[in-house]
Amino acid sequence: EALGNTISHRDYCAKGLSIEIYIFDDRMEILNPGKLLSRISLKKLIRLEGVHESRNPHIARVLRECRYIRELGEGMRRMFEQMNQNELVAPEITSPNWSFIVTFLNRPIWTEQQQRWLDHFRDLPVAREEKTVIVLGIDGRLIAPQEVFQQLNLNDTEQYRQIIDNLLQKNILFNHLNKTEITKITSSIPPTDR
């Protein structure tokens with residue numbers, strides 16, 4: 001995905017410069033000649049807003065038709081998703097000195113403490129989203145539904161229920177409070193903070 005993006009967005013007017021790929025033990029860096037185009041900012045790319053401005057529309061079209069890239073404006077989002085699905089930290093993107101650099105770090109998203117906690121569940125089939133919920137409950141800590149929504153960036157209640165039901169069925173997650181206790185706690189919270 002990164003290579004397809006690099007080829008389609010390279011500034012081919014920059015003479016004497018080429019796409020550079022550096023592979024280290026702890027990371028891979030792809031340097032692309034050419035600064036970001038006017039409508040695109042690093043902030044928008046990091047927020048995965050799907051912004052797109054084509055520097056080389058003909059090259060982009062050929063790459064898309066040959067299925068080297070998919071939808072225009074989706075490449076950065078897919079790179080972030082792939083890193084996340086493989087439980088690696090998000091790519092770092094920078095744009096120094098008329099260039100654009102994507103750095104893929106070979107570093108897990110989990111801290112050592114979180115990984116030790118997850119190791120307790122390694123024999124169970126646990127999805128990436130479920131691991132995030134498990135980490136919220138590290139050392140038996142109580143988890144509020146709002147925390148799950150925030151950590152997983154969920155808007156869909158059905159998706160939340162599916163994740164929680166899966167964890168309940170696997171006996172990883174337990175309801176600690178009964179409905180009366182939950183009602184008592186939530187009634188003391190202002191509606192805007194629930």
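**Figure 1. Salt bridges in the predicted model.** The structure holds eight salt bridges, and the model that contains them is a predicted one. Side chains of opposite charge can pair when their charged atoms come close. Figures 2 to 4 show examples.

**Figure 2. A salt bridge within helix H3, between Arg61 and Glu65.** The closest N and O atoms of Arg61 and Glu65 are 3.5 Å apart. Both residues belong to helix H3, which covers residues 57–65. They are four residues apart, about one turn of the helix. Glu65 is exposed, with a relative accessible area of 56%. Arg61 has a relative accessibility of 38% and is partly exposed.

**Figure 3. A salt bridge between distant parts of the chain, formed by Glu130 and Lys170.** In this pair the closest N and O atoms lie 2.7 Å apart. Glu130 is in helix H6, while Lys170 is in the loop between helix H8 (157–169) and helix H9 (179–187). The two residues are 40 residues apart in the chain. Glu130 is buried because its relative accessibility is 3%, and buried means under 20%. Lys170, at 24%, counts as partly exposed.

**Figure 4. A network of salt bridges joining Asp26, Arg27 and Glu29.** These three residues are connected into one network through salt bridges that share partners. One of the contacts is the salt bridge between the side chains of Arg27 and Asp26, at 3.0 Å from N to O. Both of these residues are partly exposed: Arg27 has a relative accessibility of 26%, and Asp26 has 41%. Arg27 also has a contact with an aromatic ring, since its charged end sits over the ring of Phe24, 3.9 Å from the centre of that ring.

**Figure 5. Aromatic pairs, with Tyr22 and Phe24 as a stacked example.** A search of the whole structure finds three aromatic pairs. In the pair formed by Tyr22 and Phe24, the distance is 6.4 Å centre to centre and the angle between the planes is 20°. The pair counts as stacked because its angle of 20° is under the cut-off of 30 degrees. Tyr22 is partly exposed, with a relative accessible area of 35%. Phe24 is likewise partly exposed, with a relative accessibility of 37%.

**Figure 6. An edge-to-face pair, Trp117 and Phe121.** A pair of aromatic rings is described by the distance of the centres and the angle of the planes. For Trp117 and Phe121 these values are 5.8 Å and 70°. The angle of 70° is over 60 degrees, so the pair counts as edge-to-face. Trp117 is buried, at 17% relative accessibility. Phe121 is also buried, with a relative accessible area of 17%.

**Figure 7. The second largest pocket and its lining.** About 860 Å³ of space lies in this pocket. Its lining consists of 23 residues. Those nearest the centre of the pocket are Asn84, Arg128, Gln151, Leu152 and Asn153. Three helices each supply at least two lining residues: H4 (75–85), H6 (128–136) and H7 (145–152). H4 gives the largest share of the lining, six residues. Sorted by class, the lining has 12 nonpolar, seven polar and four charged residues. Helix H6, one of the contributors to this lining, also carries Glu130 of the salt bridge with Lys170.

Terms used:
Residues numbered from 1 in each chain as written. Predicted model: local features only at pLDDT ≥ 70, side-chain atom pairs only at ≥ 80, totals over all residues. Heavy atoms only, no water. 1 Å grid on protein atoms, 1.4 Å probe; cavity = no way out; pocket = protein on both sides within 12 Å on 5 of 7 lines; lining within 4 Å. Points joined across faces, edges and corners; volume = space filled by probe spheres on them. Nonpolar A, V, L, I, M, F, W, Y, C, P; charged D, E, K, R; others polar. Phe/Tyr/Trp six-rings, centres within 6.5 Å; stacked < 30°, edge-to-face > 60°. Buried < 20%, exposed > 50% of the residue type's maximum accessible area, 1.4 Å probe, protein only. Lys NZ or Arg CZ within 6 Å of the ring centre and 35° of its normal.
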